Amino acid sequence: MADEALGAAPPPPPAAETETKAATPVLLRPRREAFEHGLLPIPKLVFPEAALTQTLAQMKERLACARAGAPALAEALQIPLDQAALVLGTLAAVLPAEDPALGEDGTGDADLRDVLLFLYIQSYKRLVPRAHKDSPAVADVWPSTSAFDGYLSALSPIKLVRSNSRRFMPSQADEETHQLSYLQKHMVNILSLLADSVDGEGDESMVLTAETFEHLGFLLQFSEGTCLSQVATFFANSDPDMPAAPVPAAQVLDWILQNIAASLDNIAEKLTAKENSQQNASDPDVTMAEAVTNTRIQSSSPTGTAVPNNQGHYRNTTFLEGFSKTSVVKQASDIKGHSIKVLNCHDSVIYILAPVKYATVYGCSDTTIVLGAVGKVVKVEHCERVQIIAASKRICVANCRECIFYLGVNHRPLIVGDNHKLQVAPFNTYYPQLGEHLAQVGVDPNINKWDQPFVLGVVDPHDSLSHPAGVSDVQAESATCLDPDLFTNFLIPSWFEAQGPTNYNPFTLPEIYWASQRKKHVSLEDIQKNIRELKLDDNRKKELASALHAQFKDWLYASGNIRQLYCLQGE
């Protein structure tokens, strides 16, 4: 009934409203945070599309309250309490603004309207990458027997470096178009879940208040800090002391669909214009920035070889993409927006010494990535042999192998998908501004749950490519704790003479790791003492020094620390 009422044609608008609609449409954008960090691979959260609206409407009736906590949600969805707490924690992390009653950690009660929107988009399917034009070449560098067969066989970082192209991967504009199209298709059902029933017939029986309309900001936005109701013609400039009257849901639907259509046309026109201009950019919809003067990039390329500027910006996100055999550092002044994405980097060291809300690491291999302070979520996906050093509220790891995570995290690390040989360890570095950055984004260094992984299933229902239909789900492979004897502190070069009060690791090191560090220090002193006591002639001293240098060099290459040594030499 609600769908039929919303789908009916609205009454003819007054002349003034017609003139307003004739003006330039407002360009809506999807809130990418909800789609990129708000999808959980919990099967009971993903309802069949045909029954999605009805199922959520029934759940809304069962809860029969304005707000819901984890126990009520667990009972309504028939999921364990810890999964219900994860749902609310994830919701809190992707809301456009903090809900005081829910709390920034999601330990309180959530607004039921936000819960319904969050559960609805669990039906979203990620955009499938375009096929690569040179499949034989891909198979040659990334054999089909890979542990990531079915997904990384088409998207491996090795292939991306060798082919020197990622045109077959969805661009940011492709993904935005896909998300807008999803919202365009489902908006009638979404509004039916949010609308209130009132006395009346047809379109007048379902209405939205200005407050409820604002909750759509979870999915849609115009620009940072702009309230939806301040742009919509039917709620614009309403007096807070005299709230605007509820508006027929059909009128809201008509306005949203018109503006989504205009936004899709705008994106298509821009892409067409850029294709026609034949711009040589790694991603056609990302404007590549000029090299930032205070950005240090080191490369092992021959002297005189230019290092490409692979930084770009799109919306409120900074991109670092396609770096290979180099070292890059980004400070707060280099970051535009509140999100950072590190994509398809190989055999490099990436330092993000800045406070951000969201961070994504995707498709990287043989790379060390330092993420200074992330206030919401870090997501690491489709990586192999990377070392992630991250201080964050939350982290999610999906479809990775042979990776080590040195973590300072306030919540349990979420492990999902097809992972192999993951290791976790406590946070192991610092830089002068780290303490300030942690405080700025709300990460508490006194809480570190690095060794308490939260493991979900292998099959991701939002990703039809990783696991074909019909594959049964099993629990994902968890991460093991790094052997304390293999734990080492990571030294960040002191570039730019940066000043700050942090001169040690703000996260407390567990005693077993402290003991190992002390033992190594004592062992090194003993070795130095024994060498000094040896009565060697000059030739034997030279032989010993040569042997030590050779062993140290072999260790640097085997451990992947050779890149960091280049950075330290350049101080």
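**Strands β17, β19 and β21**

I began with strand β17, residues 404-409, and strand β19, residues 423-426, in this predicted model. I found the two paired in the parallel sense, with four bridges between them. To place the pairing at residue level, I looked for the partner of F405 and noted that it stands opposite V424 in β19.

I then followed β19 to its pairing with strand β21, residues 480-481. Here I counted two bridges, and the strands again run parallel. Which residue of β21 stands opposite V424? I recorded C481 in that position. V424 of β19 thus appears twice in my notes, opposite F405 and opposite C481.

**The sheet β4-β5-β7**

I next looked up an open sheet of three strands. Its order is β4-β5-β7, and the pairing is antiparallel. Which strands form the edges? I entered β4, residues 196-197, and β7, residues 247-248, each of which pairs on one side only.

For the pairing of strand β5, residues 206-208, with β7, I noted two bridges in the antiparallel sense. Within it, I found V207 opposite P248 in β7.

**Helices α4 and α5**

I turned to the helices and started with α4, residues 52-63, and α5, residues 70-77. The axes of α4 and α5 come within 10 Å and cross at roughly 135°. I therefore entered α4 and α5 as oblique to each other. I noted their crossing as right-handed.

Which residues make this contact? From α4 I listed M59, R62 and L63, and from α5 I listed A72, A76 and L77. I sorted the residues of the contact of α4 with α5 into five nonpolar, no polar and one charged.

**Helices α5 and α6**

I went on from α5 to helix α6, residues 81-94. Their axes come within 8 Å, and the crossing angle is roughly 115°. I therefore described α5 and α6 as roughly perpendicular to each other. I recorded that α5 passes α6 in a right-handed crossing.

On the α5 side, I found A70, P71, L73 and A74 in the contact. On the α6 side, I found L81, A84, A85, V87 and L88. How do the residues of this contact divide by character? I entered nine nonpolar, no polar and no charged.

**Helices α4 and α7**

I returned to α4 to examine its crossing with helix α7, residues 112-120. The axes come within 11 Å and cross at roughly 155°. I noted that this angle makes α4 roughly antiparallel to α7, as angles over 145 degrees count as such. The crossing of α4 past α7 is right-handed.

I listed L52, T53, L56, M59, K60 and L63 in α4 as meeting L112, V115, L116, L119 and Y120 in α7. I divided the residues of the contact of α4 with α7 into nine nonpolar, one polar and one charged. I also saw that M59 and L63 of α4 are among the residues meeting α7, and that both are listed in the contact of α4 with α5.

**Salt bridges**

Finally, I looked up the salt bridges, and the count came to 16. One that I examined is formed by D111 with R67, whose closest N and O atoms are 4.0 Å apart. Where in the chain do the two residues of this pair lie? I placed D111 in strand β3, residues 110-111, and R67 in strand β2, residues 67-68. I recorded the pair as a link between distant parts of the chain, with its residues 44 residues apart.

Note on methods
Residues are numbered from 1 along each chain as its sequence is written. This is a predicted model: local features need pLDDT of at least 70, side-chain atom pairs count only at pLDDT 80 or more; totals for chains, interfaces and linings use all residues. Side-chain values use heavy atoms; hydrogens and water are left out. Axes are lines fitted to C-alpha atoms, for helices over the stretch in contact, and angles run from 0 to 180 degrees between N-to-C directions. Angles under 35 degrees count as roughly parallel, over 145 as roughly antiparallel, 65 to 115 as roughly perpendicular and the rest as oblique. A crossing is left-handed if the near helix is turned anticlockwise from the far one by less than a right angle, and right-handed if clockwise. Contact means heavy atoms within 4.5 Å. Ala, Val, Leu, Ile, Met, Phe, Trp, Tyr, Cys and Pro count as nonpolar, Asp, Glu, Lys and Arg as charged, and the others, Gly among them, as polar. Two strands pair if DSSP finds at least two bridges between them. A salt bridge is a side-chain nitrogen of Lys or Arg within 4 Å of a carboxyl oxygen of Asp or Glu.
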